[in-house]
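Colleague: I am new to this structure and would love a close look at a single part of it. Could you pick one helix and walk me through its surroundings?

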Amino acid sequence: MTEKPLPAISAASAPYWEAAANGKLLLQYCAACARYLFYPRSWCPHCYGGALEWRPASGRGAVHTYSVVHAAPCVGFEADAPYVVAVIDLQEGPRMMANIIGCAPETVRVGLPVEVAFEKRGAISLPQFRPVAA
Amino acid sequence: MSARRHLRNEPAIAAVFELPPGRYPELSTLDLYREVLSRALAKWPLKARDIDGLLVPPADMAGDHPDILMHERFGDELGLRTVLSETMFAGGASYGLMIQRAALAIADGRAEAVLCAGAGKFPRLDEAGRRSMSKIFHPQFELPYGPTIPAMYALLATRHMADYGTTPEQLAAVSVAARAWALRHPHAYMRSRGEISVEDVLQSALIASPFHLLDCSVPCEGGGVILVTTGELARRISAQPAYIRGMGEFHSHGYQSQTDAFNISVGTREAGAQAFRSADMVPNDIDVIEIYDAFSAMPIICLEDLGFCRKGEGGALVASGRILPGGDLPLNTYGGLLSYGHTGDASGLSMIVEGALQVMNQAGARQAENARAALVHCYGGMQADHSTLILSREA
């Protein structure tokens, strides 16, 4: 793995990645549970209902937790180190993993307000997060 | 009302054997298994006809071609005809869960003597190995972000620090205590390196914040075998068996980003509560604690979630000196994965061996005083799989 890995897109997640390619973050929503889900899948993990809708997300959230990675997992990430692996509390409720980009790693804190930004990687567009401009 | 479920047939750990952790470049994983089993069986008064169960993990999980039929390989080599045989895997919780499966089969009257064995290499990973290890991360929603195993566990440490004020010095105290215990174990991998200080930990290289190199377990190779039998058979083999008095198991999320909480080990809390309930014991009844310490933060979080202190007070507890040799809460008395060694696929075995040795009063220079009961908590995957055992001098 000398390059950064690309996501292996599945049928359940294809709309997510198609929207990302257009600069939009979509989340699945279960109307029966009245809650948003992450990650995309074929059924709601709470009620097992299969009627999930795709809804546009605000793209806003806050850093729930993070780590600054100094020892990269493979060659593709070595040039980026140190970089931030974080879990984001999305405004809609679910959490997702992303890198925090567009700031010095040492400025990242739990609770930092962030917004989605898209990184072009090969043929796909990867949702990332950056600090909300003050 | 006592919640204790008395297990029939008094399942017990009758004997343990472990190779010194180290580097065994001349031995394949299969050779390591053979070494473990031949040396243990030469010591123990057992013949093939005495053994009616075999539980092993797959071999070479970190490589490109894991062997998932190890119970068949070694059933054949040992000439066994068994009523219970399986290759099972739940990461670092594998061995804890093997002991539980064996104990339940014995309590059910189905088996009398079950070998729980494993051996592991900790390969210096080439790109193929790195690809294989990356299976533990979600291929779409984690892997593209460059996670590492230390970083995934660091996510817990960071949130715990933010919520409870846990400090890097408190994390380091876990590594310092592990080394102090390792110096009392003749086979600990880091024994020759001598003692370490909090400063040494904080000055070692950053791996994934807040973890420095010395907050991370030390990779090496090894293996061992634990014999679980009826109480009757155990008393013929050992002057003081380690009776399996309490057991708990819980499985939570699979992928780390899907965990319910980052400042709690949910699986530890659930498995620990079950184990205490089944033993009819409380944390105060435990004399020795062994907790899987792949990273320094984990014993802090797990001590809280097992009930050894209030939530958020784990950092202060480990920094108080109580977990050190001579303290009243001896923790990871063999040196832990941090300083005894993290023996690849066999890494969840050492702490059970140690818990048993303590209860059997065979722990040598590191023997805790009056070790009537030991708690051993293991987890596997990204905190997905949890096993808590309570071993006791009394059935």
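Modeller: Happy to; here is a tour that starts at one helix of chain B and moves outward from there. Please keep in mind that this is a predicted model.

Let us begin with helix 5 of chain B, which covers residues 149–164. Its 16 residues reach 23 Å from the first C-alpha to the last, close to the 22 Å expected at 1.5 Å a residue. Just after the helix comes G165(B), where phi is positive, near 75°.

Is this helix mostly covered or mostly open? It is mostly covered, with 12 of its 16 residues buried. The buried ones run from P150(B), A151(B), M152(B), Y153(B), A154(B) and L155(B) on to L156(B), A157(B), T158(B), R159(B), H160(B) and M161(B). What covers them includes parts of both chains: strand 4 (60–69) and strand 5 (83–90) come from chain A, while chain B supplies helix 6 (168–182), strand 5 (206–208), strand 6 (211–212) and helix 10 (297–306).

That cover from chain A leads us to the contact between the chains. It takes 26 residues from chain B and 32 residues from chain A. On the chain B side, the elements that give two or more residues are helix 4 (127–133), helix 5 and strand 5. Helix 5 of chain B provides the largest share of that side, 6 residues. By type, the chain B side divides into 14 nonpolar, 7 polar and 5 charged residues.

Now to the interior. In soluble globular proteins, nonpolar side chains tend to be buried together. Here the largest nonpolar core has 161 residues, and those with the most contacts inside it are I99(B), A102(B), C116(B), I226(B) and L391(B). Helix 6 of chain B, which we met as part of the cover over helix 5, gives the most to this core, with 9 residues. As for L391(B), its contacts beyond its neighbours within four places in sequence include I13(B), I244(B), V359(B) and V376(B).

Chain B also has an open sheet of 9 strands, in the order 3-2-4-7-1-8-11-10-9 and with mixed pairing. Strand 3 (84–87) and strand 9 (288–291) of chain B stand at its edges with a single partner strand each, so one side of each is left without a neighbour in the sheet. Neighbouring strands are turned by 25° against each other on average, direction ignored. Within the sheet, strand 2 (residues 53–56) and strand 4 (residues 113–120) of chain B run parallel and are joined by 3 bridges; L54(B) has L115(B) as its bridge partner in strand 4 of chain B. Helix 1 (residues 29–43) of chain B packs on this sheet, touching strand 1 (12–18), strand 4 and strand 7 (222–229) of chain B. The direction of helix 1 makes about 140° with that of strand 4 of chain B. Helix 2 (residues 70–77) of chain B lies across strand 2 and strand 3 of chain B, at about 135° to strand 2.

Finally, a brief look at chain A, which has an open sheet of 3 strands in the order 2-1-3, with antiparallel pairing. Strand 2 (35–37) and strand 3 (52–56) of chain A are at the edges, each with a single partner strand, so each has one side without a neighbour in the sheet. The twist averages 45° from one strand to the next. Strand 1 (residues 26–30) of chain A is joined to strand 3 of chain A by 5 bridges, and L27(A) has R55(A) as its bridge partner in strand 3 of chain A.

Note on methods: Residues numbered from 1 in each chain as written. Chains lettered and ligands numbered in written order. Predicted model: local features only at pLDDT ≥ 70, side-chain atom pairs only at ≥ 80, totals over all residues. Helix = DSSP H or I, 4+ residues; strand = E, 2+ residues; numbered from the N terminus. Expected span 1.5 Å × (residues − 1). Buried ≥ 20, exposed ≤ 12 C-beta atoms within 10 Å, placed from the backbone. Contact = placed C-beta atoms within 7 Å. Core = buried A, V, L, I, M, F, W, Y, C linked by C-beta atoms within 7 Å. Nonpolar A, V, L, I, M, F, W, Y, C, P; charged D, E, K, R; others polar. Pairing = 2+ DSSP bridges. Axes fitted to C-alpha atoms, helices over the stretch in contact; angles between N-to-C directions.
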